[in-house]
Amino acid sequence: MSHCEEHSRLVSSAPGRPAVSGTPTTLLLLRHGETPLTREKRFSGSGGSDPSLSDAGRRQAEATAALLAARGGVRAVATSPLRRCRETAQAVAARLGLRTHVEEDLREADFGAWEGLTFAQVRERYADDLAAWLRSAAVAPPGGGEPFEAVARRVAAVRDVLLARHTGGAVLVVSHVGPLRTLVRMALGAPAESLFRMELAAASLSAVTYHPDGRASVRLLNDTGHLR
């Protein structure tokens, strides 16, 4: 894990994380590459159009693949079922000589009626709903959206499966802003509102290490150095 160690410091340890037997296990958290909706800052969740990577997004995926192939150490690749993540994961896995494993619970939240809208449009059309959503993880976007407390439950479940399955190794987790921020938040033991205080750029890397005594350490956050 030399890249993580060279580019970051220990941010926090939080009680209540799942105990990992033996040596520490690291989840490398990779946000998918850019899509046409990413650049326009539109809500793009699991209830929307499921866009592919843009040309820029494919270049980002290849740059990430080159970095991780050069560094080595990744034992497995888990990905959201949504197309932008599968395309990103496949680009990396091909360079690493690994297969991708789809984990349904790594999908992005369903943003309901907000899917495809910009933040400004949502603020204009759904001001009260947006304010309530930003205040509480229990609030869902209108139109059948998913609250972040539900996202947290399913992301925690897949986290525990990956830690049990890959003890002592490094697992690449390719997902979206919501699930990845949630993993970082839980590792820090931070409140739900911290989700909106983290920047995770397209194709950025973060890393959380889970220790045998149950501690979790955030060792990298929003690293985009490989994209320059």
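Colleague: Before we look at Arg 84, where does the cut-off for a buried residue lie?
Modeller: Happy to start there: a residue is called buried when its relative accessible area is under 20%. This is a predicted model, and at 1% relative accessibility Arg 84 falls under that cut-off, so Arg 84 counts as buried. The cut-off asked for is under 20%.

Colleague: Nice. Which residue does Arg 84 meet in a salt bridge?
Modeller: Arg 84 sits in helix α4, residues 83–96, and its partner is in the loop between α2 (36–39) and α3 (55–71). The pair links distant parts of the chain, 34 residues apart. With N to O at 3.9 Å, the salt bridge falls within the 4 Å limit. The partner is Asp 50.

Colleague: And is Asp 50 buried or exposed?
Modeller: The relative accessible area of Asp 50 is 19%. Buried means under 20%, so this residue passes the cut-off. Asp 50 is buried.

Colleague: Let's move along the chain. Which residue forms a salt bridge with Arg 165?
Modeller: Arg 165 lies in helix α7 (residues 148–165), while the partner is in the loop between β3 (100–102) and α5 (119–125), so the pair ties together parts that are 62 residues apart in sequence. The N to O distance is 3.1 Å. Arg 165 is partly exposed at 47% relative accessibility, whereas its partner is buried at 15%. That partner is Glu 103.

Colleague: What is the distance between the closest N and O atoms of Arg 107 and Asp 105?
Modeller: These two form a salt bridge as well. Arg 107 is partly exposed at 26% relative accessibility, and Asp 105 is partly exposed too, with a relative accessible area of 29%. The closest N and O atoms are 3.4 Å apart.

Colleague: How many salt bridges does the count come to?
Modeller: We have talked through some of them, among them Asp 50 with Arg 84 and Arg 165 with Glu 103. The count comes to 9.

Colleague: Now the helices: at roughly what angle do the axes of α3 and α4 cross?
Modeller: The two axes come within 8 Å, and α3 passes α4 in a right-handed crossing. The angle is roughly 35°.

Colleague: Last one: how many residues of the contact of α3 with α4 are nonpolar?
Modeller: On the α3 side the contact includes Ala 61, Ala 65 and Leu 68, and on the α4 side Ala 91, Val 92 and Leu 96 are among the residues met. The contact also has 2 polar and 2 charged residues, with Glu 62 in α3 and Arg 95 in α4 taking part. The nonpolar residues number 8.

Conventions
Residues are numbered from 1 along each chain as its sequence is written. This is a predicted model: local features need pLDDT of at least 70, side-chain atom pairs count only at pLDDT 80 or more; totals for chains, interfaces and linings use all residues. Side-chain values use heavy atoms; hydrogens and water are left out. A salt bridge is a side-chain nitrogen of Lys or Arg within 4 Å of a carboxyl oxygen of Asp or Glu. Helices (H or I, at least four residues) and strands (E, at least two) are DSSP runs, numbered from the N terminus. Buried means under 20% relative accessible area, exposed over 50%, partly exposed in between (1.4 Å probe, protein chains only). Axes are lines fitted to C-alpha atoms, for helices over the stretch in contact, and angles run from 0 to 180 degrees between N-to-C directions. A crossing is left-handed if the near helix is turned anticlockwise from the far one by less than a right angle, and right-handed if clockwise. Contact means heavy atoms within 4.5 Å. Ala, Val, Leu, Ile, Met, Phe, Trp, Tyr, Cys and Pro count as nonpolar, Asp, Glu, Lys and Arg as charged, and the others, Gly among them, as polar.
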